[in-house]
Amino acid sequence: MLQPMGDRVIVKVKDEEEKNVGGIVLASNAKEKPQTGEVVAVGQGARDANGNLIPMTVAKGTEVFFDKYSVTNLKYEGQEYLVLHEKDILAYIK
């Protein structure tokens with residue numbers, strides 16, 4: 001499995017159900033990017049100016065809402081994941 005570095009997390013995006021209104025189907029490039037997913041791996045955390053480890057506050061298995069413009073796409077063993085910094089997680093989904 002992948003292990004993120006520093007304050008990064010790896011997220012598996014939830015599959016969005018395709019919705020159409022009145023029989024109109026949107027082209028794939030016109031659809032909104034998903035912004036929710038499940039954290040599948042967490043880095044150790046960032047370091048402050050003195051080199052002290054700042055532990056992560058998000059945990060594996062947490063469902064999150066994230067900033068869709070600050071992610072890196074990653075494909076590993078046939079699965080697609082997103083890599084983002086913990087600061088780019090906007091909210092937890094309870």
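Q: What makes up the order of elements in the chain, from the N terminus on?
A: In this predicted model, the elements run β-β-β-β-β-β-β-β from the N terminus on. The secondary structure comes to eight strands and zero helices.

Q: Why is phenylalanine 65 called partly exposed?
A: Its relative accessible area is 33%. Buried requires under 20% and exposed requires over 50%; a value of 33% lies in between, so phenylalanine 65 is partly exposed. This residue is placed in strand E5.

Q: What makes phenylalanine 65 eligible for a surface patch?
A: A patch takes residues with over 30% relative accessible area. Phenylalanine 65 has 33% and therefore passes that cut-off. Together with Leu90 and Ile93, Phe65 makes a nonpolar surface patch of about 260 Å².

Q: How do you know that glutamate 86 has no salt bridge?
A: The nearest side chain of opposite charge, lysine 87, is 11 Å away. A salt bridge requires the charged atoms to be within 4 Å, so the pair does not qualify. Glutamate 86 is nevertheless buried, and lies in the loop between strand E7 (79–85) and strand E8 (89–92).

Q: Which residues are in contact with glutamate 86, leaving aside its neighbours within four places in sequence?
A: They are Asp7, Met56, Thr57 and Val58. Met56 and Val58 also belong to the largest nonpolar core, which has 11 residues in all.

Q: Which elements give two or more residues to the largest nonpolar core?
A: They are strand E1 (8–13), strand E2 (36–42), strand E5 (63–66) and E7. Apart from this core lies another, of six residues, among them Leu2, Ile10, Tyr81 and Val83.

Note on methods
Residues numbered from 1 in each chain as written. Predicted model: local features only at pLDDT ≥ 70, side-chain atom pairs only at ≥ 80, totals over all residues. Heavy atoms only, no water. Helix = DSSP H or I, 4+ residues; strand = E, 2+ residues; numbered from the N terminus. Buried < 20%, exposed > 50% of the residue type's maximum accessible area, 1.4 Å probe, protein only. Lys, Arg positive; Asp, Glu negative; His and termini not counted. Contact = heavy atoms within 4.5 Å. Core = buried A, V, L, I, M, F, W, Y, C linked by side-chain atoms within 4.5 Å. Patch = residues over 30% accessible without salt bridge, like charges linked within 9 Å, V, L, I, M, F, W, Y side chains within 5 Å. Areas by Shrake-Rupley, 256 points an atom, 1.4 Å probe, with all protein chains shown as cover.
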